[in-house]
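Welcome! Here is a short guided look at one protein model, written for someone meeting it for the first time. Please keep the viewer open while you read.

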Amino acid sequence: MDNRDYFWDNLKAFLMVLVIFGHTVTSLREVKEITGLYYFVYTFHMPLFVFTSGFMAKTIMRDGKFRADRFFSTLWLYFFFCAGKFVIARVLGQQVGLHLLDISGAPWYLLALLEWYLLVPLLLSLKPKMGMIFSVLTGLFAGYFGGVGTYLTLSRTLVFLPFFALGLYLPKEKLYGFLDRAKKLRLPAIIFLAGMVIYFMFFGDSFFRIGKLVFANRPYRYVLEELAPYGFLFRGGLYLLAVILCVSVMLFIPHKKAWFSYVGKYSLSVYILHVFVRDIMKHTGVFHWIKGLREEFMWLVIPACVIAALILGNPVFGRVMNWIANPVREWRNHRKDKLII
């Protein structure tokens, strides 16, 4: 029987399209409206992804013990991701170094995930209310410390911690119960989302300055300058906006299997492979050629990101990536399947 929870597969599929969009659009010719969409996406898509990771991290503890196998699987995958980017760049003639500790590129998420995993025992030792207060205050005040930046991706780890903690603490029944009761809010939610999209497309430039806080990799003084003392208020406002947007999006995510659900099931494959493909296109001049096209063609980036997710998330790539992520576990599962047959 199929026991998969397709809500999460569908949600991750949607988020992976946004991740590809965010990692691609900055390499293309700048179009004001598309740049505005880029800012809009970054107000909520990483918080929602981190929330999802936190929700899935409930299983990092088994019978009160920390699952080291899952931690080291993620650690190995992080090294693989960084090494893959390094090899691609060097093969294509780019003089780059292999950075494992001071990182701000796409692999940062796996490094942050490792750090969140290590924080799970601490968070679970606290009552949910105290854990959330601790996480939110940590995220708000991290911006006041100059040493909290890209090293060990510490800034992003701390700033997005509240969303990870929320996913970790929130029981499945309460989440689904809330989403079921909130169905009546779908009309206001779609009006709100549409309004936000329109605002960002046409007035997103006014958001750019404080919007940098969403990227969460610099102290307040580098972003807000004279307004730095009030940084916790700006970030707090962004937290609130992100929560509202995340809830609004989740209201429209189907709970049943859909034609695109497989993309979420194999989201790891999409996450890593799309960066490899992007880097190849970037280093071989493909993006430079695309930037020379007329502005209207830049809008094709949206369907292109959907197509890329559908291709890179196919089961063939997905299973290969699962083997790479944890070859021992996959070998054991394969042996069990053979014994059953």
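The text below covers confidence, salt bridges, a surface patch, the cysteines and one helix residue.

**How far to trust the model**

Please remember that this is a predicted model. The mean pLDDT of the chain is 90, and 93% of the residues score at least 70. Where is confidence highest, and where is it lowest? Helix α8 (residues 161-169) is at the top with 98, while helix α19 (residues 327-340) is at the bottom with a mean of 52. Over residues 337-341 the pLDDT falls below 50, and this stretch has 0 contacts in the model beyond near neighbours in sequence. Where pLDDT is low, the predicted coordinates should not be read in detail.

**Charged pairs**

Side chains of opposite charge can pair when their charged atoms come close. In this structure there are 7 salt bridges. The table lists some examples, with the distance between the closest N and O atoms.

| Salt bridge | N to O distance |
|---|---|
| R67 and D69 | 3.4 Å |
| R278 and D279 | 3.0 Å |
| R294 and E296 | 3.5 Å |

How covered are the partners? In the bridge between R67 and D69, R67 counts as buried, at 16% relative accessibility, and D69 counts as partly exposed, at 43%. R278 and D279 are both buried. These two also belong to a network of salt bridges that links them with K85. R294, the partner of E296, counts as exposed because its relative accessibility is 56%, and the cut-off for exposed is over 50%.

**A nonpolar patch on the surface**

Now turn to the surface. M130, I133, L137, F141, Y144, F145, L227, Y230, F232 and L233 form a nonpolar patch there, and together they have about 930 Å² of accessible area. Which elements give two or more residues to the nonpolar patch? They are α6 (128-141) and α13 (231-250). The largest share, 4 residues, comes from α6. To look at one member of the patch, pick L233, which is found in helix α13. L233 has a relative accessible area of 51%, so this residue is exposed.

**The cysteines**

How many disulfides does the model hold? The count comes to 0. A disulfide would need two cysteine sulfur atoms within 2.5 Å. For C246, the nearest cysteine sulfur is that of C305, 19 Å away, and C246 is in no disulfide. The view from C305 gives the matching result: the nearest cysteine sulfur is that of C246, 19 Å away, and C305 is in no disulfide. Are these cysteines buried or exposed? C246 counts as buried at 7% relative accessibility, and C305 is buried as well, with a relative accessible area of 3%.

**A residue in the first helix listed**

C305 also leads to another place worth a look. V17, which lies in helix α1 (residues 6-25), touches C305, V306 and A309, leaving aside residues up to four places away in sequence. What about V17 and G36? These two are 19 residues apart in sequence, and their C-alpha atoms are 17 Å apart in space.

**To take away**

When you go back to the viewer, you could start with the network of K85, R278 and D279. From there, move to the nonpolar patch, where α6 gives the largest share, and finish at V17 with its contacts to C305, V306 and A309.

Conventions: Residues numbered from 1 in each chain as written. Predicted model: local features only at pLDDT ≥ 70, side-chain atom pairs only at ≥ 80, totals over all residues. Heavy atoms only, no water. Buried < 20%, exposed > 50% of the residue type's maximum accessible area, 1.4 Å probe, protein only. pLDDT = per-residue confidence, 0-100. Contact = heavy atoms within 4.5 Å. Patch = residues over 30% accessible without salt bridge, like charges linked within 9 Å, V, L, I, M, F, W, Y side chains within 5 Å. Areas by Shrake-Rupley, 256 points an atom, 1.4 Å probe, with all protein chains shown as cover. Salt bridge = Lys/Arg side-chain N within 4 Å of Asp/Glu carboxyl O.
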